[in-house]
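Welcome! Take a moment to look over the sequence and the model, and then let us walk through some of the features together.

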Amino acid sequence: MKFLDEVKVYVKSGDGGGGCVSFRREKFVEYGGPDGGNGGKGGDIIIRCVDALNTLIDFRYQQHFKAQTGESGMGRNKSGKSRDPIILQVPVGTEVLDEHADEVLFDFTEVGQELKICKGGDGGLGNANFKSSVNQAPTKSTPGWPGEEKWVWLRLKLISDVGLVGLPNAGKSTLLSRVTAAKPKIADYPFTTLKPQLGVVYIDQSEFVMADIPGLIEGAHLGVGLGDKFLKHIERCKVLIHLIDITQEDVIKPYQTIRDELENYSEVLTEKQEIIVLNKIDTLTQEEIKEKQQILSDYVDNKVLLVSGVSGEGLEQLLRATKKIIDESHNIQS
């Protein structure tokens with residue numbers, strides 16, 4: 001399935017049906033009186049959050065949605081039929097924004113949530129509603145009320161507990177494939193990952209969701225590379241795993257690059273708890289590993305974990321440390 005995380009759609013609810021002007025016509029009933037029915041209600045436009053979706057790809061080939069107009073009223077006091085709503089299905093994590101993408105109108109965080117984005121127009125009144133002691137044979141009816149119309153943006157932010165960040169080729173996809181059942185594309189060239197990947201991690205009889213986004217490079221927040229398109233997908237994460245390739249001569253520079261990009265994109269990301277990890281330790285000697293770990297640890301003034309996505313060394317310790325932070329955040333929220 002292709003991945004689409006942002007789309008602009010046009011929605012228009014149905015107009016109400018018009019009221020009817022009619023008079024009762026039956027044998028031996030000389031003054032039957034008015035019997036024009038009311039018009040039916042136009043269809044609503046509803047956005048519904050559903051399970052088993054993780055992309056907005058369904059909106060790629062259809063961006064215009066118009067509900068039906070309510071049926072007009074009829075004689076013999078018959079009201080017109082109201083029309084069924086059009087329901088747009090979106091995945092968990094979808095935000096609905098106004099046409100300029102400035103204001104968030106709704107944020108779908110749970111399956112089953114609904115938003116009536118456009119209300120269908122009410123039906124008009126038939127002439128039977130205007131009968132009075134003064135006017136026994138009214139010829140007045142009203143048209144249906146118009147529906148609503150607007151452009152809105154649908155923007156998907158994946159909901160995951162953990163976000164993997166790092167430069168291209170830091171080993172994020174390899175790590176994700178090792179600790180989850182996800183099967184991302186893996187190769188030894190930059191930007192192998194072209195879309196976010198999600199996987200479920202199982203550790204100590206519990207589970208959490210991990211997201212891998214395309215590698216960031218310097219200037220990502222300005223649109224350089226792919227990072228600016230996908231940084232929003234880790235805004236909901238509770239913890240970030242910052243992966244650094246230990247084979248690089250300078251392990252501090254890649255750390256600085258990623259931190260600068262996160263800070264320039266959003267303060268929300270810089271405030272998240274971070275686990276710093278040196279990856280690919282299977283490629284160096286113990287002396288080289290310890291030296292680089294000490295250099296980075298002194299710079300960040302924090303503990304630096306060591307792992308190998310290929311051999312699996314250190315992954316259990318990393319997952320347990322991650323789960324501990326997630327559990328603590330759950331306790332704080334509750």
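## A helix and its surroundings

What covers the buried residues of helix α5? The cover includes β12 (239-245), α3 (252-265), β13 (273-279) and β14 (304-306). Please keep in mind that this is a predicted model.

Now for the residues being covered. The buried residues of α5 are Ile-289, Lys-292, Gln-293, Leu-296, Ser-297 and Val-300. If you look down the axis of α5, these buried residues fall within an arc of 135°, so they line one face of the helix. This fits a general pattern: an α-helix has 3.6 residues a turn, so residues three or four places apart point the same way. On the face of α5 turned away from its buried side you will find the exposed residues Glu-287, Glu-291 and Asp-298. Just after α5 comes Asp-301, which takes a positive phi of about 55°.

Helix α3 can be read in a similar way. Its buried residues are Ile-252, Pro-254, Tyr-255, Thr-257, Ile-258, Arg-259, Glu-261 and Leu-262. Their cover includes β9, β12, α4 (267-270), β13 and α5.

You can also check the length of each helix, using 1.5 Å a residue:

| Helix | Residues in helix | Expected span | Distance between end C-alpha atoms |
|---|---|---|---|
| α5 | 15 residues | 21 Å | 21 Å |
| α3 | 14 residues | 20 Å | 20 Å |

For α5, the expected span and the end-to-end distance agree, and they agree for α3 as well.

## Rings that meet

How many aromatic pairs does the structure hold? There are 4. One of them joins Phe-59 and Phe-65: the ring centres are 5.9 Å apart and the planes lie at 75°, so the pair is edge-to-face. Both Phe-59 and Phe-65 are buried.

Another pair brings us back to the two helices. The rings of Tyr-255 and Tyr-299 have centres 6.2 Å apart and planes at 85°, so this pair is edge-to-face too. It links distant parts of the chain, with Tyr-255 in helix α3 and Tyr-299 in helix α5, 44 residues apart. Are these two residues buried or partly exposed? Tyr-255 has a relative accessible area of 12%, which means that it is buried. Tyr-299 has a relative accessible area of 41%, so it counts as partly exposed.

## Nonpolar cores

In soluble globular proteins, nonpolar side chains tend to be buried together. Here, the largest nonpolar core has 22 residues, and those touching the most other members are Leu-175, Phe-208, Met-210, Ile-241, Val-277 and Leu-318. At least two residues of this core come from each of β9 (162-165), α1 (172-179), β10 (197-203), β11 (206-212), β12, β13 and α6 (315-333). Helix α6 gives the largest share, 5 residues.

Try finding Leu-175 in the model. Leaving aside residues up to four places away in sequence, Leu-175 touches Leu-164, Met-210, Leu-243, Val-307, Leu-315 and Leu-318. There is also a second, separate core of 21 residues, with Phe-65, Ala-67, Val-96 and Val-152 among them.

## The whole protein

Stepping back, the protein has 6 helices and 14 strands. Of its 334 residues, 46% are buried. Among contacts between residues at least 6 apart in sequence, 73% join residues at least 24 apart. The protein exposes about 17500 Å², and carbon and sulfur atoms supply 47% of that area.

Notes
Residues are numbered from 1 along each chain as its sequence is written. This is a predicted model: local features need pLDDT of at least 70, side-chain atom pairs count only at pLDDT 80 or more; totals for chains, interfaces and linings use all residues. Side-chain values use heavy atoms; hydrogens and water are left out. Helices (H or I, at least four residues) and strands (E, at least two) are DSSP runs, numbered from the N terminus. The expected span of a helix is 1.5 Å times one less than its number of residues. Buried means under 20% relative accessible area, exposed over 50%, partly exposed in between (1.4 Å probe, protein chains only). The arc is that of the directions from the helix axis to the C-beta atoms. Contact means heavy atoms within 4.5 Å. A nonpolar core is a set of buried Ala, Val, Leu, Ile, Met, Phe, Trp, Tyr and Cys residues joined through side-chain atoms within 4.5 Å. Rings of Phe, Tyr and Trp (its six-membered ring) pair if their centres lie within 6.5 Å; planes under 30 degrees apart count as stacked, over 60 as edge-to-face and the rest as tilted. Accessible areas come from the Shrake-Rupley method with a 1.4 Å probe; for residues, only the protein chains shown count as cover.
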